[in-house]
Amino acid sequence: MADRVRCAVVVGNSDGIGLAFTRRLLADGWRVAGLSRRENGINVPTYTHHTVDVTSPDYSEVLGKAVDELGRVDLCVYAAGIGEPVDLADLDAQTRTFEVNLMGAVRTVAVVVPTMVAAGDGHLIGLSSLADRLVSGDAPGYAGSKAGLSSYLMGLAAALRGHGVHVTTVRFGFVDTKMAKGPVRPLMMPVERAVEVLTRCVRTRPVLVSRPRRMALLTSALTTLTRLRPR
Ligand SMILES: NC(=O)c1ccc[n+]([C@@H]2O[C@H](COP(=O)([O-])OP(=O)(O)OC[C@H]3O[C@@H](n4cnc5c(N)ncnc54)[C@H](OP(=O)(O)O)[C@@H]3O)[C@@H](O)[C@H]2O)c1
């Protein structure tokens, strides 16, 4: 494996953490296929972009073709995500949040993991959130979808033990992208820091990473409170 070019798929990389991490992988010599609804302006021979919505019926097919073109997938990063405040008169945005954050990831896993199992090697990283243990009256779809995502990915990590395939659940607090648009963003991380965390994950392949650590502690305390009294 010494001199072989490593291949990665990054889903949700027209912006934010996915885009910054794609740039890092390319700078580190990876071949990358990216998927999102919009282009991202990266134009180098080692990069191919596929414009697709992870909720569309043809998503699995487009992803499958991207994987076939790469030839193998050493790393898959699921970075697609949305978060919307609740509107009790119209819950469609909450439904869509589950479709993107959770079902998009579930569909990605269904395409990518069997190829990794067949190769006896591979690494899947899913961007969950420290919100995955919160009960949120403000954005219930976001917290609920991330709860499902974290639980599924950690279950997969256990199921894949002994198959050479590793699954990492990354739980960030606030990261400075357009998603973190609320007025209160304690201990917000620059996107470069998030990229460093992911780069380290690629090296060490942990099951679970929660950053920043102080925010993780704060969220644990909040979790206890919100479960006692949801707001
Ligand atoms: N920023 C934070 O504070 C924070 C904290 C914890 C966890 N996270 C998680 O980290 C991940 C990345 O977030 P970010 O901050 O980088 O957000 P972002 O800047 O808003 O980027 C989100 C990415 O997801 C893609 N995406 C959204 N809906 C999609 C769809 N239906 N189909 C395909 N791609 C879609 C977007 O591309 P298109 O619009 O082009 O499709 C974009 O590239 C998310 O899962 C988020 O929940 C973020």
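What follows walks through the sheet, the cores and one buried threonine of this predicted model.

The sheet is a good place to start. Seven strands make up an open sheet in the order β3-β2-β1-β4-β5-β6-β7, and the pairing is parallel. At the edges sit β3 and β7 (208–211), each of which pairs on one side only. From one strand to the next, the twist averages 15 degrees.

Strand β2 (residues 31–36) has partners in both β1 and β3. With β1 (residues 7–11) it runs parallel, joined by five bridges; here Ala-8 has Val-32 of β2 as its bridge partner. With β3 (residues 47–51), β2 again pairs in the parallel sense, over five bridges, and Ser-36 stands opposite Thr-51 in β3. The strand is mostly covered, with five of its six residues buried. As for the connection, β1, helix α1 (residues 16–27) and β2 make up a β-α-β unit of the right-handed kind. Another helix, α2, lies across β1, β2, β3 and β4, and runs at about 170 degrees to β2.

Now to the packing. In soluble globular proteins, nonpolar side chains tend to be buried together. The largest nonpolar core in this model counts 33 residues, and those with the most contacts inside it are Val-9, Val-11, Tyr-59, Leu-63, Tyr-78 and Val-112. Two or more residues each come from β1, β2, α2 (59–70), β4 (75–78), α3 (92–119), α4 (140–159) and β6. Helix α3 gives the most, with eight residues. A second core, separate from this one, has 29 residues, including Ile-17, Leu-25, Trp-30 and Cys-201. Back in the largest core, Val-11 is one of the residues with the most contacts; leaving out residues up to four places away in sequence, Val-11 touches Leu-35, Val-54, Tyr-59, Val-77, Tyr-78, Ala-79, Ala-80 and Thr-108.

Further along the sheet, β5 (residues 122–129) and β6 run parallel and are joined by eight bridges, with Gly-126 standing opposite Thr-169 in β6. Next door to Thr-169 is Thr-168, also in β6 (residues 165–172). Thr-168 counts as buried because its relative accessible area is 0%, against a cut-off of under 20%. Its neighbours, again setting aside residues up to four places away in sequence, are His-123, Leu-124, Ile-125, Gly-126, Cys-201, Arg-205, Pro-206, Val-207 and Val-209. With Pro-206 there is also a polar link: the side chain of Thr-168 reaches the backbone oxygen of Pro-206 at 2.5 Å.

Definitions and conventions. Residues numbered from 1 in each chain as written. Predicted model: local features only at pLDDT ≥ 70, side-chain atom pairs only at ≥ 80, totals over all residues. Heavy atoms only, no water. Helix = DSSP H or I, 4+ residues; strand = E, 2+ residues; numbered from the N terminus. Buried < 20%, exposed > 50% of the residue type's maximum accessible area, 1.4 Å probe, protein only. Polar contact = N/O pair within 3.5 Å; in protein donor to acceptor, adjacent residues only side chain to side chain. Contact = heavy atoms within 4.5 Å. Pairing = 2+ DSSP bridges. Right-handed = clockwise from strand over helix to strand, strands pointing away. Core = buried A, V, L, I, M, F, W, Y, C linked by side-chain atoms within 4.5 Å. Axes fitted to C-alpha atoms, helices over the stretch in contact; angles between N-to-C directions.
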